Every structure is written in structure tokens, then in C-alpha cells.
Amino acid sequence: MTQITEDCPGVRRLGPTFGGELSGVRLSADTLAEHADAIHRAFLDNKVLVLRDQQITPALFSAFGVVFGEPDPHHVIAMRHPEQPNLTVLSNQDEPGRKPQAKYFGAGWHSDYSYKAVPAAATMLLATEVPDEGGDTLFADMEAAFAALPEGRKAELRRLRVRHQYRWSPDRADPWARWTFLSESEQAATPEVVHPLVRRHPETSRESLMIAPRVIGSVIGIEGMESTASDALIDDLMRHAVSERFVYRHRYRPWDIVVWDNRCTLHCATTDTLAADKVRRMLRITIRGLPPIPA
Ligand code: SIN
């Protein structure tokens, strides 16, 4: 049965606490402006918003991104679309000029650009080629995960800050270590940054956990905490946040658009377990946010 979320008519709930599919919208250059407010409201209410059957051009997808703010092109130049630099092209195939690791882009829980002083607000994918099965994206509701913690724990966590860095890895021999992607200038553009462990959403004012796993999530550790205690706390929070009750798995259909709010969710691609003969290509836009607001 189609469940319409109370806040947002025309939206069917997809996940346990979040995620919504918006119906009745067919994007075109003529209709984009007319739908922009409803789409933006549904995005804030649902945290992960899905629009089905949107067979649109890269140029129109680029214009769609602007509904959510200012695009922030990926700092790894080889990931960018040749004609629309605001778009990143994701592919699980060997593409000219790319490192093999790029095929598994995003495989691991993270929030986009959390390693920057100004992380991403929204990110969106347009599914241009999808396998008959696999290649799903997982999402975790970091607002619900924080809300479910005991009050005393919440108060302790609000006091902590986390060190992030894009290229950081505990094991430099690890083939997944992200720094192998980067040129010297790209490395220089991603210095260590520090963010609150609990942040307040700039548009909804709600609190969320801002944490990710240490390797792929670009987290070095909790500021001022000895590494064993810091690692244990991060692992514990991650186990809690990605437990089934907070997770939605999106199974793609061709021409799905999926938009997520990085300020209150984590996501995880599953391309590392996708067979090489299953082709998955997506266009992606990331929208610049604001420096995280401590809760
Ligand atoms: C991403 O991490 O931005 C991409 C997620 C995906 O490809 O499923």
C-alpha cells in the first residue's frame, strides 16, 4: 500500500525512518522551476528523495542540481564529466584515464566531503545504466541514530570533535587507501579538518551524528582522545548508526534520480561486490554546504 508521509503529500515512505519516493514529477527544462519548491521540501522532510523514470540529459541534470544550491565539482579531476564539469561520472568499468580503484568509488559508509572544511549539503545520482541486480546504495539515518541514544550519552557526544582527512588511512599499504588517487595539488587541497561529532542541521535545526568509519570514511579520530579509546568509540557509534533499524537500501531502476542530505545521513555504495560484467554508470552532483554547526 502506498503510504503518504504526513508532511509531504505525494511522497511514499521507503525506509524505516526516512527516505521517500516523490511521484507526479516529470522533469524538463520547462517544468523544473515549477517543481523546485516541492522537490526541495520533500528532500528536507525525507533526507533521501527518489524520483523515478527521469530520462534527462546531463545538462538538465546539472540544472536540477541547482535546485539544492551551488554545485561543488569533485576535486579529483579524472572523475569529472568531460562537458559538464559539475557532474562526476561514476562507473564500475575500466574508464580511460582512471585509476582502477575509481570503479569502487563510495564503497564504504561516508558523508560526502566530510573531510573538507565545508562539507557537502546534498548529493544526487542519475542512474543512466543499472545492472539487473546489485549496485544498490545503502543509506543510514544519522538523525534517528542520534535521537535513539540515552540523554546522558548525547550530552557527552555533543562535547566531542572529530579529525577528518580525505587521504588518511591507518594502513598505507592498503590498496583502498584513497591517497593513491591524488596528485600533489589534490593532496594539498585536502588538509586535515576538525568537525563536531554532533551537528545541527542548518535548515531543519535537528541534531545528527557526524561520524564515519576510520578508513574509507576519512576519519582520523576523536580530537584529544587516545587512539584505542577513540577507535573503540567510533566503532561503537558506527555499529549503532548502521544497524538495520536506521538503514534504507536503494535498489536502482534505470533513470532513477536519488538525492540525499549529507547533513543527516551516511551512504555506502556496494560496487565493490558487483560482478565486472554488471555495468553500472551514474551521473553525480554534489552541492556545497556550510561549515557544520555544533549541536
Ligand atoms: C557516492 O558515494 O557518492 C556514490 C554512491 C553510489 O555510487 O552508490
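Let's start with two strands. Strand 5, residues 120-129, and strand 13, residues 257-261, are joined by five bridges. The two run antiparallel. One pair to look for: leucine 125 stands opposite valine 258 in strand 13. Keep in mind that this is a predicted model.

Now zoom out. Strands 5 and 13 belong to an open sheet of seven strands. Read across, the order is 1-2-3-13-5-15-4. The pairing is mixed. For anyone new to sheets, strands pair through backbone hydrogen bonds, either parallel or antiparallel.

Which strands sit at the edges? Strand 1, residues 11-13, and strand 4, residues 87-91. Each of them pairs on one side only. From one strand to the next, the twist averages 25°.

Two helices pack on this sheet. Take helix 1, residues 32-46. Helix 1 touches strand 1, strand 2 (20-22), strand 3 (48-51), strand 5 and strand 13. Its direction makes about 135° with that of strand 3. Then helix 2, residues 58-65. Helix 2 touches strand 4, strand 5, strand 13 and strand 15 (281-288). With the direction of strand 15, helix 2 makes about 30°.

On to the ligand. Which residues are around it? The list is Leu90, Phe105, Gly106, His110, Asp112, Leu125, Thr137, Trp260, His267, Ala269, Arg280 and Arg284. We have met Leu125 already, as the residue opposite valine 258.

Three side chains deserve a look. In histidine 110, a side-chain N or O atom is 3.0 Å from an oxygen atom of the ligand. For histidine 267, the distance from a side-chain N or O atom to a ligand oxygen is also 3.0 Å. In arginine 280, a polar side-chain atom lies 2.8 Å from an oxygen atom of the ligand. And how much of the ligand does the protein cover? On its own, the ligand has 260 Å² of accessible area, and the protein covers 100% of it.

Last stop: lysine 47. Where is it? In the loop between helix 1 and strand 3. Buried or exposed? Its relative accessible area is 7%, and buried means under 20%, so lysine 47 is buried.

What does lysine 47 touch? Leaving aside residues up to four places away in sequence, its contacts are Phe18, Asp141, Glu143, Val259, Trp260, Asp261, Cys264 and Thr265. With glutamate 143 there is a polar contact, side chain to side chain, of 3.4 Å. Trp260 ties two parts of this talk together: it touches lysine 47, and it is one of the residues around the ligand.

Terms used: Residues numbered from 1 in each chain as written. Predicted model: local features only at pLDDT ≥ 70, side-chain atom pairs only at ≥ 80, totals over all residues. Heavy atoms only, no water. Pairing = 2+ DSSP bridges. Helix = DSSP H or I, 4+ residues; strand = E, 2+ residues; numbered from the N terminus. Axes fitted to C-alpha atoms, helices over the stretch in contact; angles between N-to-C directions. Contact = heavy atoms within 4.5 Å. Near = heavy atom within 4 Å. Polar contact = N/O pair within 3.5 Å; in protein donor to acceptor, adjacent residues only side chain to side chain. Areas by Shrake-Rupley, 256 points an atom, 1.4 Å probe, with all protein chains shown as cover. Buried < 20%, exposed > 50% of the residue type's maximum accessible area, 1.4 Å probe, protein only.
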